[in-house]
Amino acid sequence: MTVRIRVVLAVFAALALIAGVGIYVAVRTLGSGALHLITQQCVVNASGKATLEPAQMANAATIAAVGLRRGLPTRAVVIALATAMQESKLQNLAGGDRDSIGLFQQRPSQNWGTPQEIADPRYAAGAFYDALQRVNDWQEDSISDAAQSVQHSADGSAYQQWADEAQVLANALSGDAASAVACTITAKPAVRGTAALGALEQSLAADWGEVDSVTDASLPGLELSVSETRDGWQLAHWLVSHAADQNVKSVRFGGEEWTAKAGAWTHASGNLTLAAGDQVVAEVYPQS
């Protein structure tokens, strides 16, 4: 009888240990990133769907902005995005194969620029577009052929696998779809008030050049004037894409509003309808 009791107790102890290990692993997994992926992400719906982390979305928006600012067609943005998705998963990597750096894994030794330059997403995107425009008939090439003509990688066919997702991102970031980029941001803002507003203005200028804007002290935030609806959605989607790194709390355009808390676009109500078709309003977090 005593032996049987000891066996039962041993079994219960083993089961408790297994359950404890399982709970520990689950908590560690959630703490290491799984929970983050669920609660903080960007979803793009534009003739297809793509889901990215905020840092990836911000890099995609900058790549698109650099191309659009140059007056390049959406096709160029698709090629650039597909290339960066293959090379770095839209992460601004500090290293890679041999001396490769950044979003496009460009190499200083191959005359792409200095390590510091290549590590700047705006410079890297510009260098990619410069090289792409030197490719004969690049607009008629497949995504993989156009990308490979620039990158000269070991397997040029790999770029094609990202073509559909890159097209979805380009559709949204080019302003060809409305309310298409929605990011849910749960992290606390790193900067607030005047400092956040100044950083946002600098980042906008770096990606888009001179933008017709005025400071709205009642928000605090910016009012950006646009002449076309497509331009408005370009800026609105850029602002949402950079919400995490630029501490953007809300964006309004065309009677629609996005907020970091809700993570979705909804019809604006009350005085929010002031965000008409010729004005994009961006709000940063107020000074606490």
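**Exercise 1. Place glutamine 106 in the model.**
Decide whether glutamine 106 is buried or exposed, then describe its surroundings.

*Solution.*
Step 1: Start with accessibility. Glutamine 106 has a relative accessibility of 1%, and buried means under 20%, so this residue counts as buried. Keep in mind that you are looking at a predicted model.
Step 2: Find its place along the chain. Glutamine 106 sits in the loop between α3 and α4, the latter covering 115–118.
Step 3: List its contacts. Leaving out residues up to four places away in sequence, glutamine 106 touches Asp99, Ser100, Ile101, Trp112, Ile118, Ala124, Ala127 and Phe128.
Step 4: Look at the side chain. It reaches the backbone oxygen of alanine 124 at 3.1 Å.

**Exercise 2. Examine another glutamine.**
Work out where glutamine 86 lies and what its side chain does.

*Solution.*
Step 1: Glutamine 86 belongs to helix α3.
Step 2: Its relative accessible area is 23%, so glutamine 86 is classed as partly exposed.
Step 3: Apart from neighbours within four places in sequence, glutamine 86 contacts Ala158, Tyr159, Gln161 and Trp162. With the side chain of tryptophan 162, the side chain of glutamine 86 makes a polar contact of 2.9 Å.
Step 4: Now try a distance. Glutamine 86 and phenylalanine 104 are 18 residues apart in sequence, and their C-alpha atoms are 8.5 Å apart in space.

**Exercise 3. Track down the disulfide.**
How many disulfides does the structure hold? Which cysteines take part, and what is the handedness?

*Solution.*
Step 1: The structure holds one disulfide. As a reminder, a disulfide is a covalent bond between the sulfur atoms of two cysteines.
Step 2: The partners are cysteine 42 and cysteine 183, with sulfur atoms 2.1 Å apart.
Step 3: Follow the chain between them. Cysteine 42 is in strand β1 (residues 41–45) and cysteine 183 is in strand β3 (residues 181–184); the two are 141 residues apart, so distant parts of the chain are linked.
Step 4: The torsion about the S-S bond is about 110°, so this disulfide is right-handed.
Step 5: Check accessibility at both ends. Cysteine 42 counts as buried at 0% relative accessibility, and cysteine 183 counts as buried at 0% too.

**Exercise 4. Explore the largest nonpolar core.**
How many residues does the largest nonpolar core have, and which have the most contacts inside it?

*Solution.*
Step 1: This core has 82 residues, and Ile63, Tyr129, Leu169 and Trp258 have the most contacts inside it. Helix α3 (residues 74–88) gives the largest share, nine residues.
Step 2: Zoom in on one member. Beyond residues up to four places away in sequence, tyrosine 129 touches Ile63, Ala64, Val66, Gly67, Arg70, Leu72, Ala76, Val77 and Ala80.
Step 3: Link this to a general idea. In soluble globular proteins, nonpolar side chains tend to be buried together.

**Exercise 5. Test the length of a helix.**
What span should helix α9 have, and what do its end C-alpha atoms give?

*Solution.*
Step 1: Helix α9 runs over residues 229–241, which is 13 residues.
Step 2: At 1.5 Å a residue, the expected span is 18 Å.
Step 3: The end C-alpha atoms are 18 Å apart, which agrees.
Step 4: Ask how covered the helix is. Ten of the 13 residues of α9 are buried, including Trp233, Leu235, His237 and Trp238.

**Exercise 6. Compare two positive phi angles.**
Where do arginine 98 and asparagine 247 lie, and are they buried or exposed?

*Solution.*
Step 1: Recall the background. Most residues other than glycine have a negative phi.
Step 2: Arginine 98 has a positive phi of about 55°. This residue lies in the loop between α3 and α4, and at 63% relative accessibility arginine 98 counts as exposed.
Step 3: Asparagine 247 has a positive phi near 55°. Its place is the loop between α10 (243–246) and β6 (248–253), and at 8% relative accessibility asparagine 247 counts as buried.

**Exercise 7. Judge the confidence.**
What is the mean pLDDT of the protein, and where does pLDDT fall below 50?

*Solution.*
Step 1: The mean pLDDT is 87, and 83% of the residues reach 70 or more.
Step 2: Over residues 7–38 the pLDDT is below 50, and this stretch has three contacts beyond near neighbours in sequence.
Step 3: Residues 271–275 also have pLDDT below 50, with nine contacts beyond near neighbours.

Definitions and conventions:
Residues are numbered from 1 along each chain as its sequence is written. This is a predicted model: local features need pLDDT of at least 70, side-chain atom pairs count only at pLDDT 80 or more; totals for chains, interfaces and linings use all residues. Side-chain values use heavy atoms; hydrogens and water are left out. A nonpolar core is a set of buried Ala, Val, Leu, Ile, Met, Phe, Trp, Tyr and Cys residues joined through side-chain atoms within 4.5 Å. Buried means under 20% relative accessible area, exposed over 50%, partly exposed in between (1.4 Å probe, protein chains only). Helices (H or I, at least four residues) and strands (E, at least two) are DSSP runs, numbered from the N terminus. Contact means heavy atoms within 4.5 Å. pLDDT is the predictor's confidence in each residue, from 0 to 100. A polar contact is a pair of N or O atoms within 3.5 Å; within protein, one must be able to donate a hydrogen and the other to accept it, and residues adjacent in sequence count only if both atoms are side-chain atoms. A disulfide is a pair of cysteine sulfur atoms within 2.5 Å. The expected span of a helix is 1.5 Å times one less than its number of residues.
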